[in-house]
Amino acid sequence: SHIPVLCIDGPSASGKGTLAAELAARLGYHLLDSGLLYRLVGLAAERAGLDTAAAALQQPQQAAALGRLAQQLLVRFEQGRVWLGHEDVTDEVRSEAAGMAASRVAVVPEVRAALLDLQRNFRRLPGLVADGRDMGSVIFPDAALKVYLTASAAQRAQRRLWQLQERGESATIKDLLADLEARDERDRSRSAAPLKPAEGALLLDNSALSIEQSVQQVLDWWQASP
Ligand code: C5P
């Protein structure tokens, strides 16, 4: 495709969402928050009474049922709100529990396959900024620029805590660190689209960078990209 794509992949709470949204705003591009789709599948599974425990998902019938559910996902994005069927799930979808559920359903190949076209449909003129785990490696392998964003685990847990506190949720750094490590481990070790830098990805560690510095670095790379 001739439509430009800029991919931001990396582990949980590395700042992908913030960076991707800011880049999309500055470039006037569309934005794909792919993690949101996995979170919605996790929520939809819960609503449908499907067991999303790791052991249950290893059963072929359970995986197939979850794949069908992902294929039929009824989502709407409207003025900053997210709807799942008739339910406004904007707040719940950002919760720590939804993130954990997302990382469990994301292991299932049928789920990843069901979301493939949905994600690629976000590629529209004038361009797209996409963030997730496999944007550069699987969904948009021909992207003009792939960035792999990381930060220290301590820094990421701290940022997640601020994020939750802003929404009036509470948590401890210790629990958040454990959650992050569990999710990273599951994301890295799964066989379908594991989290890892895509071929040709540029590495950016933003542990000691401000948001503006990270944005500037990626914009510099973007201007220099083919
Ligand atoms: O980025 P976010 O925290 O919203 O993602 C939630 C979970 O969804 C991740 O932990 C990961 O397991 C899964 N995910 C994925 N592939 C993507 C985006 C998210 O597997 N492209």
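**Exercise 1.** Check the length of helix α9 (residues 153–166) against the expected span.

Solution. Helices are DSSP runs of H or I with at least four residues, numbered from the N terminus. The expected span is 1.5 Å times one less than the number of residues. For the 14 residues of α9 this gives 20 Å, and the end C-alpha atoms are 20 Å apart, so the two agree. The model is predicted: local features need pLDDT of at least 70, side-chain atom pairs count only at pLDDT 80 or more, and totals for chains, interfaces and linings use all residues. Residues are numbered from 1 along each chain as its sequence is written.

**Exercise 2.** Which residues of α9 are buried, and which are exposed on the other side?

Solution. A residue is buried if 20 or more other C-beta atoms lie within 10 Å of its own, exposed if 12 or fewer, and partly exposed in between, with C-beta atoms placed from the backbone. R156, A157 and R160 of α9 are buried. These residues cover an arc (of directions from the helix axis to the C-beta atoms) of only 100°, which puts them on the same side of α9. A154, W162, Q165 and E166 are exposed on the other side.

**Exercise 3.** Classify how α1 and α11 are oriented to each other.

Solution. Axes are lines fitted to C-alpha atoms, for helices over the stretch in contact, with angles from 0 to 180 degrees between N-to-C directions. The axes of α1 and α11 come within 10 Å and cross at roughly 60°. Angles under 35 degrees count as roughly parallel, over 145 as roughly antiparallel, 65 to 115 as roughly perpendicular and the rest as oblique. α1 and α11 are therefore oblique to each other.

Conventions. Helix = DSSP H or I, 4+ residues; strand = E, 2+ residues; numbered from the N terminus.
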